[in-house]
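Here are my notes on the pockets, for someone opening this one up fresh. Have the structure on screen while you read.

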Amino acid sequence: MRTRAWPSLLVIAGLLLATQASASEVGWSQINVAGATPNSPVTTVALYYPTQSAPRATAMGAFMLNAAIQAVPEPKVKGLIMLSHGVNGSELGHSRLAEALARHGYLVASVRHPGDNWQDNSLLTKTPERYFYERPRQITRVIDAILLDPKWKDRIPYDARGPRVGALGHSAGGYTVLALAGGEPDLARLANHSKDEGAEDPIFCSLGRRLQTAVPVNPQAVASTSLMDSRVRAVVAMAPVGVLFSAKSLAAIQIPIAIYEAERDRFLVPRFHAEWVARNIPKAELHRVPNAWHFGFMDTPLMPIPTPDGDVGADPSGFDRAAFLKQLGSDLSAYFDKTLQP
């Protein structure tokens, strides 16, 4: 039997003082990253990072920040976490989770996806054939830019495997980060799912049917270049779009993957999406959030935001979103601590 030796009171006091001295607050700033071509739109990125400056509450559009804007970052961070929002979303919609990770020592880069955000849905309406491929590539371009940025490149740790990079995404953002991990979209699955299970997954399939009018649904529609980014070492996908992924590509994923499903998700019914992904990725962790709807992973907005599944800020009776996000922020910090180590 292993016996644990408890440290002396002096050692405990020293540890507490060291912890207090290194405790961080949250800083926030914004950058713009150039697109793939001179005519492509820039990608707006919200950066959350550890700082010693005092935060303050600041309303930004529909969401509230609790951060020190334009504060000086700490000299080093634990790693870079990419954050991808859902359809028509915002780089600010997951601020509670981003702030928790920043407070824990991470640089979080929350991307406003060009052509798929609250101001601009042209990626879906004008070029839907590019939708499932362009989103992951946007994240990769932001990783490229941050790792070259003089302000950040020396703050991000490297080891024998390269920079320590993780990714976190919700809904379509969950799809995006799983694609970065090696998941490959099979657009034929989109048509078959809408045909066979459309009545059981109606909200997603209504979007899927609109996409099918413009997206060629055949194996040749898959982009010639891989969407995988080998710098991404660990992924968390929250209520992800999952039905598109081929089982073969999911089975080949080698990095740590955690999947969160909302038990009462009507936007993306879990058995077709989160559970499909978790069943097919070796050693994937599946976490079921009791009594949660699809938008329970987002901050509660300051104003109504309507969706095909009701208001973003609505929750089932008895679900405490604030308490859940606080716990999830702590869990995500621990998860990336574990999975991004060399």
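**Notes on the two pockets**

1. The largest pocket holds about 750 Å³ of space. Pocket here means an open set of points on a 1 Å grid over the protein atoms alone, where a 1.4 Å probe fits, with protein on both sides within 12 Å along at least five of seven lines; lining residues have an atom within 4 Å of a point. Volume is the space filled by probe spheres set on the points, joined across faces, edges and corners.

2. This is a predicted model: local features need pLDDT of at least 70, side-chain atom pairs count only at pLDDT 80 or more, and totals for chains, interfaces and linings use all residues. Residues are numbered from 1 along each chain as its sequence is written, and side-chain values use heavy atoms, leaving out hydrogens and water.

3. Which residues sit closest to the centre of the largest pocket? They are V87, N88, G89, I305 and T307, out of 36 that line it. Elements giving two or more residues to this lining are β1 (25-33), α3 (122-125), α7 (202-212) and β13 (306-307); helices (H or I, at least four residues) and strands (E, at least two) are DSSP runs, numbered from the N terminus. The largest share, 4 residues, is from α7.

4. The second largest pocket has a volume of about 290 Å³. Of its 14 lining residues, R96, A100, A322, L325 and K326 are closest to the centre. Here α2 (95-103) and α10 (321-339) each give two or more residues, and α10 has the largest share, 7 residues.
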